[in-house]
Amino acid sequence: MEQFPNVFVMDHPLIQHKLTFLRDQSTGTKFFRELVSEIAMLMCYEATRDLPLVDVETVTPMEKTTTKVIAGRKLAFVPILRAGLGMVDGMLNMVPSAKVGHIGLYRDPKTHKPVEYYNKLPQDIEERDVIVLDPMLATGGSAVDAVTIIKRSHPKSIKFLCIIAAPEGIKALSEAHPDVHVYCAAVDRCLDSNCYILPGLGDAGDRIFGTL
Ligand code: PRP
Ligand code: URA
């Protein structure tokens, strides 16, 4: 990934361990959903590493001291429906004050191109840093369109958080939106003839919602 300085692969052992169970075809819907949420929570930790801090005065039971809090930075999480929904709870566990927008996109089964069907973003998005959520970055079509849609509302910044990325998707997203930092847990080998990621984990939406 050296040619894409905007891409960060999170190789933390806890994330990698959970990802193995997520990929396993014998993992059922309940466990799959829990794993997506837990991985999102761990990834949120890393993706918010650059949030600025300010000093505040705190009185402990022992004395007055100077400590740190996040500097009034406002976040918005925007899952791409459906599969991105699986990551929202994990993210909100880490940042309960974040607002949540939604973008509905599905891939046309023949063309593999995204089709927009829903779009609701926080009204004050111009004051917010946005983290777009989708477990899968395959051709990159959905991510590119989602970021294009969000940019029309002029947020302060946009990051893209996925669990598995294909090299094709990273290239497409980085070329279309070089300003967007991409966080993923794994970069897989390639896409198959139906634009599914190999080895991947199959259809993320179907596995989260049990619609296989
Ligand atoms: C999946 C996935 C991404 C998209 C990735 O959604 O959650 O949104 O495909 O593929 P791409 O990078 O080639 O665009 P899908 O369209 O299957 O919809 P769903 O989440 O409603 O199942
Ligand atoms: N969407 C998925 O859910 N899985 C893939 O492998 C590709 C796109």
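Three aromatic pairs are found in this structure, which is a predicted model. One of them joins F8 and Y183 in a stacked arrangement, with ring centres 5.0 Å apart and 20° between the planes. This pair ties together distant parts of the chain: F8 belongs to strand β1 (residues 7–9) and Y183 to strand β12 (residues 181–184), a separation of 175 residues. The two partners can also be described by their surroundings. F8 is partly exposed, its relative accessible area being 34%, whereas Y183 is buried at 7%.

Another pair brings together F21 and F31. Their ring centres lie 6.0 Å apart and their planes meet at 55°, so the pair is classed as tilted; the tilted class takes in planes that are neither under 30 degrees apart nor over 60. Here, too, distant parts of the chain are linked, with F21 in helix α1 (residues 13–23) and F31 in helix α2 (residues 29–47), 10 residues apart. F21 is partly exposed, with a relative accessible area of 34%, and F31 is likewise partly exposed, at 36%. A ring also takes part in an arrangement with a charged group: the charged end of R107 sits over the ring of Y196, at 5.3 Å from the ring centre.

Turning to the cysteines, the model contains zero disulfides. For C44, the nearest cysteine sulfur is that of C162, 15 Å away, and C44 is in no disulfide. A disulfide calls for cysteine sulfur atoms within 2.5 Å. C44 is buried, with a relative accessible area of 1%. C195 is also in no disulfide, its nearest cysteine sulfur being that of C190, at 11 Å. With a relative accessibility of 15%, C195 counts as buried.

The interior can be described through its nonpolar cores. The largest of these has 37 residues, and L22, M43, F77, M91, L133, L161 and I163 are the members with the most contacts inside it. Two or more residues come from each of α1, α2, β4 (74–81), α3 (88–94), β8 (128–133) and α6 (204–209). Among these elements, helix α2 gives the most to the core, with eight residues. L22 offers a closer look at how this core is put together. Beyond its neighbours within four places in sequence, L22 is in contact with F32, L35, V36, I39, I163, L201 and R207. A second core, separate from the largest one, comprises 27 residues, including V7, L121, V130 and C162.

Strand β10 (residues 157–161) is a useful place to see how the strands are arranged. This strand is mostly covered, four of its five residues being buried. Strand β10 pairs with β8 in the parallel sense over five bridges, and D129 stands opposite S157 of β10. Strands β10 and β12 also run parallel and are joined by three bridges. In this second pairing, L161 has Y183 of β12 as its bridge partner. Both residues of that bridge have been met above: L161 is one of the residues with the most contacts inside the largest nonpolar core, while Y183 is the buried residue that stacks with F8.

Key: Residues are numbered from 1 along each chain as its sequence is written. Chains are lettered from A and ligands numbered from 1 in the order in which they are written. This is a predicted model: local features need pLDDT of at least 70, side-chain atom pairs count only at pLDDT 80 or more; totals for chains, interfaces and linings use all residues. Side-chain values use heavy atoms; hydrogens and water are left out. Rings of Phe, Tyr and Trp (its six-membered ring) pair if their centres lie within 6.5 Å; planes under 30 degrees apart count as stacked, over 60 as edge-to-face and the rest as tilted. Buried means under 20% relative accessible area, exposed over 50%, partly exposed in between (1.4 Å probe, protein chains only). A charge sits over a ring if NZ of Lys or CZ of Arg is within 6 Å of the ring centre and within 35 degrees of the ring normal. A nonpolar core is a set of buried Ala, Val, Leu, Ile, Met, Phe, Trp, Tyr and Cys residues joined through side-chain atoms within 4.5 Å. Contact means heavy atoms within 4.5 Å. Two strands pair if DSSP finds at least two bridges between them.
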